[in-house]
Amino acid sequence: MAVRFKLYYFTDEIREYLQGVINGSRQGVVIRSVPLTAALPEQTNHDADVYLVEYDETVPGMDQWIEKIQHQQGHPAVYLYLREASTETLLKALRLGVQECFVQQIGEEEFSKAIQRLLKIKTGLKPGEKTQIISVLGCKGGAGVTFIAVNLAHSLAAPKKEGVLLCDLDLGASDVSSFLDMQPKYTIMDLVENFDKIDPQYLRDIVYSLESGLEVLPGPPRLEEGELLQAQHIDNILTYIRNQSLYRWLVLDLGDHLDDITLKALERSDLIVLVVLLTIPGLRDAKKILETFKLLEFKDDKIQLVVNSFKNGVDIKLEEGEKFLGREFLAVLRYDHGAVVRSINEGRPLLESQPRHRLSGDFAALVDKLQAEGSENGHRPGMWAGLKRLLRLGGKS
Ligand SMILES: Nc1ncnc2c1ncn2[C@@H]1O[C@H](COP(=O)(O)OP(=O)(O)OP(=O)(O)O)[C@@H](O)[C@H]1O
Ligand SMILES: [Mg+2]
């Protein structure tokens, strides 16, 4: 995972030195360097995670300027660099609320530890909280699962910079990479092959980091590769990531199939977002899946129904859909072919490319409701193993 640095310096010599330190670390990348003069520059947000500032206490207004950085959108961290410092200066610098102060030579290990501390804070996990797994599952092919999973993961990651990993577990039709215009070097297959060597650093090297802060574990590039994956692999990966508390949210694109792999992922999930289309076949498929979930003894509050592509006046009425399924819908996402296709073709989440669009507003409402959902959405592990014989896996039972 890349940590984006914005660098402020007084002399070219220090710029070169600090750039070398950042680029020499495994995760740091300089996205912008800005020279400082006695007239401190206006701050503009470039989505940096860290501002590394050469500190000079004799420059008037510098302390207030540093405090202002920390109140910017996204609350970037501030690291100060001092050529030399008395204890007094150091204490004064620390009182500004900055994350780290470096004096003179910066050791490689010292810098890497500072980044690790920052990444821990970035996950957004508070003491006692655990990673929440949200699965997105469709009742039908083409229901909008990937579109919803991508935009949901983006909205959870972007504003508060919470750690979010989006995993493409639709192994037969992995689409997440094209929805986000990514050319990933690694996929879930690399993680499976090297699972015995896994550590947090290795995982962060494998996942693809987007500028918004969202991280992605892409699906297998080819169908036949996906066939090598087993439910146990998925279980190992999800359990490892959750136990390491590396992310606040894990969002899974499960496509629309119930099979060993997706059932394992559903079993491990805290919340299941079931994507429903308000047509007769769409509702019938939704009902069958809900019946299957009942057999699996998933608790009702673990499952949330979200209507997608809703066309008022054309689709079945919301109240009728709720009555048929015996459940309320958590949220309704309207139909807008143009907006959705444009966002998919641009390779950017709709919420990023068209944040003011009415469909983006529908998403914001969905995210608010999901965030408000309690984390106590229990399930009974292992229940599906016996029951799967009763189900026609791969179909909709
Ligand atoms: N709210 C919406 N309004 C209009 N069109 C939509 C909406 N959501 C999705 N679509 C359309 O449906 C198509 C399928 O979307 P998406 O690929 O996200 O579905 P999926 O369930 O992941 O499909 P697959 O079964 O192929 O994995 C998209 O190309 C998009 O044009
Ligand atoms: Mg899909």
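How many of the 9 residues of helix H11 are buried, and what does this say about how the helix is enclosed by the rest of the structure? In this predicted model, 7 of the 9 residues of H11 are buried, so the helix is largely enclosed by the rest of the structure. The residues in question are Ile261, Thr262, Leu263, Lys264, Ala265, Leu266 and Glu267, a list in which Lys264 and Glu267 appear beside residues such as Leu263 and Leu266. To see what lies around H11, it helps to turn to the sheet on which the helix packs.

That sheet is open and is built from 8 strands, which follow one another in the order S8-S9-S7-S10-S6-S11-S12-S13 with mixed pairing. Its edges are formed by strand S8 (208-209) and strand S13 (329-334), and because each of these has a single partner strand, one side of each is left without a neighbour in the sheet. Further inside the order, strand S6 (residues 132-138) and strand S10 (residues 249-253) run parallel to each other and are joined by 5 bridges, with Gln132 placed opposite Trp249 of S10. Helix H5 (residues 145-157) packs on this sheet and touches S6, strand S7 (164-168), S10, strand S11 (271-276) and strand S12 (303-310), while its direction makes about 170° with that of S10. Helix H11, which spans residues 260-268, also packs on the sheet, where it touches S6, S10 and S11, and its direction makes about 140° with that of S6.

Strand S11, touched by both H5 and H11, deserves a closer look. It is mostly covered, with 6 of its 6 residues buried, and the cover extends to both faces: Leu271, Val273 and Val275 are buried on one side, and Ile272, Leu274 and Val276 are buried on the other. Within the sheet, S11 pairs with S6 in the parallel sense over 5 bridges, and here Ser135 stands opposite Ile272 of S11. Strand S12 also runs parallel to S11, to which it is joined by 5 bridges, and the bridge partner of Val273 in S12 is Gln304.

Another packing arrangement involves two helices, H12 (residues 280-295) and H13 (residues 318-325). Two packed helices are described by the angle between their axes and the distance between the axes. For H12 and H13 the angle is about 35° and the axes lie 10 Å apart, and H12 passes H13 in a right-handed crossing. On the side of H12 the contact is made by Leu283, Ala286, Lys287 and Leu290, and on the side of H13 by Gly321, Phe324 and Leu325. By class, the residues of this contact divide into 5 nonpolar, 1 polar and 1 charged.

The surroundings of ligand 1 bring several of these elements together. The ligand is surrounded by 22 residues, of which the closest are Gly141, Gly144, Val145, Thr146 and Phe147. The elements that give two or more residues to this shell are H5, S12 and helix H14 (337-346), and the largest share, 4 residues, comes from H14. Sorted by class, the shell has 9 nonpolar, 9 polar and 4 charged residues.

The model also holds an open sheet of 5 strands, ordered S2-S1-S3-S4-S5 and paired in parallel. Strand S2 (28-35) and strand S5 (100-103) stand at its edges with a single partner strand each, so one side of each is left without a neighbour in the sheet. When direction is ignored, neighbouring strands of this sheet are turned by 20° against each other on average. Strand S3 (residues 50-54) pairs with strand S4 (residues 77-82) in the parallel sense over 5 bridges, and Tyr51 stands opposite Val78 of S4.

Two loop residues remain to be considered for their backbone angles. Most residues other than glycine have a negative phi. Gln104, however, has a positive phi of about 55° although it is not a glycine; it lies in the loop between S5 and helix H4 (108-122), and it counts as exposed because it has 9 C-beta neighbours inside 10 Å. Glu297 likewise has a positive phi, of about 60°, without being a glycine. The place of Glu297 is in the loop between H12 and S12, and with 12 other C-beta atoms within 10 Å this residue is exposed.

Conventions. Residues numbered from 1 in each chain as written. Chains lettered and ligands numbered in written order. Predicted model: local features only at pLDDT ≥ 70, side-chain atom pairs only at ≥ 80, totals over all residues. Pairing = 2+ DSSP bridges. Contact = placed C-beta atoms within 7 Å. Axes fitted to C-alpha atoms, helices over the stretch in contact; angles between N-to-C directions. Left-handed = near helix turned anticlockwise from the far one by under 90°. Nonpolar A, V, L, I, M, F, W, Y, C, P; charged D, E, K, R; others polar. Near = placed C-beta within 6 Å. Buried ≥ 20, exposed ≤ 12 C-beta atoms within 10 Å, placed from the backbone.
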